[in-house]
Amino acid sequence: TASMDHLRDFYLKILLPPISSLLLTLLALLLLWPISPTAALLCLAAWGAVLLLSVLSAFFSSRQSQAADQRYRSTLLDSLQGLAELQGNASWNTSRQKLDRAAQTLSRTRQQEQLPEALADTGALCCCGVAWVIIFWLLSPLIAQGRLSGIELAVYLLALQSIFAEYQPLPA
């Protein structure tokens, strides 16, 4: 049933977040282009970098935990169904040790899977933070030139912060 769950949630979990973040990025691109084309392109580059991190995270994360989960569940079910026989034959300790090893293997593989996801999340956060600071640095001199007011700068930066917040779930 796992593949059916993936197919069912494909549109909501796989397609919708990148498409909606791309549309927001294009909107920011259209709004920033007349003011600073460099800032607009930087916003687009940040989206691309976060999306690239998402793809790399999915590529490098192993899917071994599904097999380990199946082994653990099978061992647990066998132990529970044959509990009376195992206790009667004094084999419960051996079965429990086998179940403990399966649980440790499952825990270890799940921890190994979390590393690429954590790195992608951290990279996305750093990428968006750096892009936001650079865009602030690019737009700040426009206030002195009279091309942008302080309130407009604040609105642009808050809008960009909101758009960059939409990038956060992409790696997951």
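**A helical protein in questions and answers**

Visitor: Which helices each supply at least two residues of the nonpolar patch?
Guide: In this predicted model, the surface carries a nonpolar patch that includes Met-4, Leu-7, Phe-10 and Leu-26. Met-4 and Leu-7 fall within residues 2-8, the range of α1, while Phe-10 and Leu-26 fall within residues 10-32, the range of α2. The helices that each supply at least two residues are therefore α1 and α2.

Visitor: Which helix gives the most to the nonpolar patch, and with how many residues?
Guide: Together, the residues of the patch have about 890 Å² of accessible area. Among them are Tyr-11, Ile-14, Leu-15, Ile-19 and Leu-23. The helix that gives the most is α2, with seven residues.

Visitor: Is Ile-14 buried, partly exposed or exposed?
Guide: Ile-14 lies in helix α2 and belongs to the nonpolar patch. Its relative accessibility is 49%. Because partly exposed covers the range between under 20% and over 50%, Ile-14 counts as partly exposed.

Visitor: Which residues does Thr-25 touch, not counting residues up to four places away in sequence?
Guide: Thr-25 is also found in helix α2. With a relative accessible area of 0%, Thr-25 is buried. The residues that Thr-25 touches are Cys-43, Leu-44, Trp-47, Ile-163 and Tyr-167.

Visitor: How far apart are the C-alpha atoms of Cys-43 and Phe-164?
Guide: Cys-43 has its place in helix α3 and counts as buried, at 0% relative accessibility. Beyond its neighbours within four places in sequence, Cys-43 is in contact with several residues, including Thr-25, Ile-135 and Phe-164. Although Cys-43 and Phe-164 are 121 residues apart along the chain, the separation of their C-alpha atoms is 8.7 Å.

Visitor: What distance separates the end C-alpha atoms of α3?
Guide: Helix α3 covers residues 37-60, which are 24 residues. At 1.5 Å a residue, α3 should span 34 Å. The distance between its end C-alpha atoms agrees with this expectation, at 34 Å.

Visitor: Which residues of α3 are buried?
Guide: An α-helix has 3.6 residues a turn, so residues three or four places apart point the same way. Two members of the buried set have already been met, since Thr-25 touches both Cys-43 and Trp-47. The buried residues of α3 are Ala-39, Ala-40, Cys-43, Ala-46, Trp-47, Val-50, Ser-54 and Ser-57.

Visitor: Which residue's backbone oxygen does the side chain of Ser-54 reach?
Guide: Ser-54 is found in helix α3 and is buried, because its relative accessible area of 9% is under 20%. Leaving aside its neighbours within four places in sequence, Ser-54 is in contact with Leu-170 and Pro-171. At 2.9 Å, its side chain reaches the backbone oxygen of Val-50.

Visitor: What is the distance in space between Gln-168 and Ala-120, C-alpha to C-alpha?
Guide: Gln-168 lies in the segment after α8 and counts as partly exposed, at 34% relative accessibility. Apart from neighbours within four places in sequence, Gln-168 is in contact with Asp-121 and Leu-125. Gln-168 and Ala-120 are 48 residues apart in sequence, and their distance in space is 9.7 Å.

Visitor: Of the contacts with a separation of 6 or more, what share joins residues 24 or more positions apart?
Guide: The protein has eight helices and zero strands. The contact of Cys-43 with Phe-164 is one such pair, as these residues are 121 residues apart along the chain. In the whole protein, the share is 77%.

Definitions and conventions
Residues are numbered from 1 along each chain as its sequence is written. This is a predicted model: local features need pLDDT of at least 70, side-chain atom pairs count only at pLDDT 80 or more; totals for chains, interfaces and linings use all residues. Side-chain values use heavy atoms; hydrogens and water are left out. Helices (H or I, at least four residues) and strands (E, at least two) are DSSP runs, numbered from the N terminus. Contact means heavy atoms within 4.5 Å. Patches are made of residues with over 30% relative accessible area and no salt bridge: like charges are joined within 9 Å, nonpolar side chains (Val, Leu, Ile, Met, Phe, Trp, Tyr) within 5 Å. Accessible areas come from the Shrake-Rupley method with a 1.4 Å probe; for residues, only the protein chains shown count as cover. A salt bridge is a side-chain nitrogen of Lys or Arg within 4 Å of a carboxyl oxygen of Asp or Glu. Buried means under 20% relative accessible area, exposed over 50%, partly exposed in between (1.4 Å probe, protein chains only). A polar contact is a pair of N or O atoms within 3.5 Å; within protein, one must be able to donate a hydrogen and the other to accept it, and residues adjacent in sequence count only if both atoms are side-chain atoms. The expected span of a helix is 1.5 Å times one less than its number of residues.
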